[in-house]
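Got your viewer open? Load the model and keep the selection panel handy.

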Amino acid sequence: MAAVAHLNPPNSPSLSERRRNHNFRLLSVVSASAKNKLRVNGINGFPSDDPCLSLRVAFQGSHGAYSEFAAKTAIPNCATLPCRSFSDAIAAVENGRADRAVLPVESTMEGTALRNYDLLLRRDLRITQEISLFVHYCLLAMPGVRTTELRRVISHPMALAHCGRAISQLGLRREPVEDTAGAVQMLRSHRLLDTAAIASPRAGLLYGLDVLADGLQDASWNVTRFLLLSKPVTAATTVSGKAKTSMVVAHRGGSMMVLLKVLSAFSSRNINLTKLEVNNPSIEGQGPVMVLDVKAMGSLRAFSHLIYVDFEGSTEDFRVQEALEEIAGFSVFVRILGCYAADSNVYDLHY
Ligand SMILES: O=C(O)C(=O)C[C@]1(C(=O)O)C=C[C@@H](O)C=C1
């Protein structure tokens with residue numbers, strides 16, 4: 001069981017003071033390339049996108065959700081717009097209420113979050129930025145409540161799954177809710193004394209809850225990758241620095257053979273892949289994945305054999321264009337999901 005860490009000593013600031021002081025500061029970057037996963041402190045390394053512009057970023061959940069941290073890390077001065085679902089966040093961009101939507105798409109524990117990837121494929125938004133966050137989970141409860149008084153724990157299903165071992169040790173009943181910060185909000189507004197929430201220490205501070213335990217996640221290296229999405233722009237976008245491109249390839253079947261051909265198209269041109277994932281929903285007993293064909297008047301097409309690829313390089317690069325042409329020759333459909341600045345950092349937030 002993780003060490004007990006109380007953030008609210010008796011003379012700690014009031015809830016309103018805490019809310020006033022609540023600002024997002026990115027204080028460290030955990031270098032993804034550091035094999036020993038050492039934390040590199042003190043790097044003031046906000047990733048790109050003009051921090052002067054007050055862009056509106058839609059996210060799923062309540063204030064204090066991890067997706068909101070991801071948005072604030074990617075675009076420090078952005079205004080965040082809470083939404084009920086990821087689909088609502090995407091719709092906010094489509095209807096102009098927001099400039100970006102933020103979507104968690106991968107985690108070290110879950111792999112690709114197909115639930116969100118599928119959503120991305122159905123809609124006409126482009127990836128503009130990637131951001132990887134180190135996710136710390138805390139056990140939060142109403143002030144004064146002790147661990148022994150708890151019977152139930154509420155959180156986002158992913159957070160409950162990531163903290164399975166600790167929850168079993170505590171013998172708590174699990175109940176999924178929409179998002180981690182929403183769980184905290186629910187606990188506070190209903191003054192639930194037998195219930196804990198799993199969320200970030202920041203959400204605990206924001207809503208004035210006690211942190212009963214920190215570092216609740218089963219794996220010590222728990223990173224979630226988020227994507228920022230925007231409406232497609234007609235003008236060609238030039239990425240400054242190292243670029244990365246995400247794409248989806250649909251084919252008729254025989255995944256291993258197609259996979260080899262995709263690999264060969266890239267490796268023969270010395271293009272490095274950062275993600276390669278096969279999704280054959282029919283094998284899992286699921287229906288086909290619906291993918292928006294942006295070239296065919298935005299019609300939805302159903303595919304049962306898909307490969308998700310991320311690679312280093314820009315679609316402006318001649319070698320990349322050649323590789324894409326080769327892939328188009330043996331697949332039934334190819335869609336570029338975005339070309340954006342590569343960011344291999346893992347960002348960590350201090351509380
Ligand atoms: O509930 C939140 O706080 C979220 O931002 C969502 C979400 C997810 O959907 O995976 C994001 C990161 C964490 O892994 C847990 C939950």
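Here is a short walk around the ligand and on to a pair of rings.

This is a predicted model, where local features need pLDDT of at least 70 and side-chain atom pairs count only at pLDDT 80 or more, while totals for chains, interfaces and linings use all residues. Residues are numbered from 1 along each chain as its sequence is written, and side-chain values use heavy atoms, with hydrogens and water left out.

Select the ligand, then everything near it (a heavy atom within 4 Å). You should pick up 13 residues, of which Tyr66, Ser67, Arg115, Tyr137 and Thr180 come nearest. Colour the shell by type: six are nonpolar, five polar and two charged, with Tyr counted as nonpolar, Arg as charged and Gly as polar.

Now show the polar contacts (N or O pairs within 3.5 Å). The side chain of serine 67 puts an N or O atom 2.7 Å from a ligand oxygen. For arginine 115, that distance is 3.2 Å. Click histidine 156 too: one of its polar side-chain atoms is 3.2 Å from an oxygen of the ligand. How much of the ligand's 360 Å² of accessible area does the protein cover? The answer is 99%, by the Shrake-Rupley method with a 1.4 Å probe.

Next, highlight helix 2 (66-74) and helix 5 (157-162), the elements that give two or more residues to the shell; helices here are DSSP runs (H or I) of at least four residues.

Stay on helix 2 and select tyrosine 66 and phenylalanine 69, three residues apart, about one turn. Their rings pair (centres within 6.5 Å) edge-to-face (planes over 60 degrees apart), at 5.8 Å centre to centre and 80° between the planes.

How values were computed:
A polar contact is a pair of N or O atoms within 3.5 Å; within protein, one must be able to donate a hydrogen and the other to accept it, and residues adjacent in sequence count only if both atoms are side-chain atoms. Rings of Phe, Tyr and Trp (its six-membered ring) pair if their centres lie within 6.5 Å; planes under 30 degrees apart count as stacked, over 60 as edge-to-face and the rest as tilted.
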